[in-house]
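Open the model in your viewer and keep the selection box handy. We'll go stop by stop, picking something and then looking at what is there.

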Amino acid sequence: MESDRDHSIVIMGDLHGNPDALRGNLLAAGATDASGRWAMERTHLVCLGDILADRIPGSLEVVAAIARLRLEIEDAGGELILIAGNHDMMAFNFLFGRNLKGFLSESSNRIYAGLNEFARLADP
C-alpha cells in the first residue's frame, strides 16, 4: 500500500456476515453509491475482522460483495485490506478441516458448508 497522503481510508469492522451493515456503512461513508458500486478515488477500505459469522446466513453475500468491491477499489487506485477476526478464523479452521466441535452451531455448519462449496468452485 502506498503511504502518501493522497489516499483516504474507510475503516469498518465486525460485520458478522450482515450484508445490510456492509451496504449501510459504505453508503453512509460515501464509499459506495446507491447501487453499491465503489464511488471513491484513491481510497483504501480496511475491514477489521469478523467479516464472517456463525449465526447470520449473510456471510456468503458479504464475501461476494467484498470480492467484487476489491476489483472496483483497485480500479479506483485504492486497496482492500482484510484483517481476520476470531469468527473469520473459526470459519477458516472449519474450511481447512480443523476440529471446531463445540464452537459451531447447527446453522453455522450449513453456512460454512456453503462457504466450503464456494471455495471449491472458486479454486478448480
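How many salt bridges does a search of the whole structure find? The search turns up five, where a salt bridge is a side-chain nitrogen of Lys or Arg within 4 Å of a carboxyl oxygen of Asp or Glu. We'll visit some of them, but a little housekeeping comes before that.

This is a predicted model, in which local features need pLDDT of at least 70 and side-chain atom pairs count only at pLDDT 80 or more, while totals for chains, interfaces and linings use all residues. Residues are numbered from 1 along each chain as its sequence is written, and side-chain values use heavy atoms, leaving out hydrogens and water.

**Colour by confidence**

Colour the chain by pLDDT, the predictor's confidence in each residue from 0 to 100. The protein chain averages 80, and 69% of the residues score at least 70. Helices (H or I, at least four residues) and strands (E, at least two) are DSSP runs, numbered from the N terminus. Among these elements, helix α1 (residues 19-28) has the highest mean pLDDT, 95, and helix α4 (residues 106-122) the lowest, 61. Where pLDDT is low, the predicted coordinates should not be read in detail.

**Select α1, residues 19-28**

Show the side chains of Pro19, Leu22 and Leu26: these residues of α1 are buried, meaning under 20% relative accessible area, with exposed over 50% and partly exposed in between (1.4 Å probe, protein chains only). They sit on the same side of α1 because they cover an arc of only 60° around the axis, taken from the directions from the helix axis to the C-beta atoms. What covers them? Among the elements doing so are β1 (8-12), β2 (43-48) and α2 (59-75), with contact meaning heavy atoms within 4.5 Å.

Now turn to the face pointing away from the buried side, where you'll find the exposed residues Asp20 and Ala28. At the start of α1, zoom in on Asn18: one of its side-chain oxygens reaches to within 2.9 Å of the backbone nitrogen of Asp20. Just after α1, click on Gly30, which takes a positive phi of about 80°.

**Select Arg23 and Glu61**

Here is one of the salt bridges, with the closest N and O atoms 2.8 Å apart. The pair ties together distant parts of the chain, Arg23 in helix α1 and Glu61 in helix α2, 38 residues apart. Arg23 is partly exposed at 43% relative accessibility, and Glu61 is partly exposed too, at 42%. Add Asp20 to the selection and you have a network of salt bridges linking Asp20, Arg23 and Glu61.

**Move along α2**

Pick Glu72 and Arg68 next, whose side chains meet in a salt bridge at 2.8 Å, N to O. Both lie in helix α2, four residues apart, or about one turn of the helix. Buried or partly exposed? Glu72 is buried at 17% relative accessible area, whereas Arg68 is partly exposed at 30%.

Then take Glu74 and Arg70, another salt bridge, this one at 3.3 Å, N to O. About one helical turn separates them because they are four residues apart in helix α2. Glu74 is partly exposed at 40%, as is Arg70 at 36%.

**Finish on the strands**

Select β1 and β2, which run parallel and are joined by five bridges; strands pair if DSSP finds at least two bridges between them. Met12 stands opposite Cys47 in β2. β2 itself is mostly covered, with five of its six residues buried.

How values were computed. A polar contact is a pair of N or O atoms within 3.5 Å; within protein, one must be able to donate a hydrogen and the other to accept it, and residues adjacent in sequence count only if both atoms are side-chain atoms.
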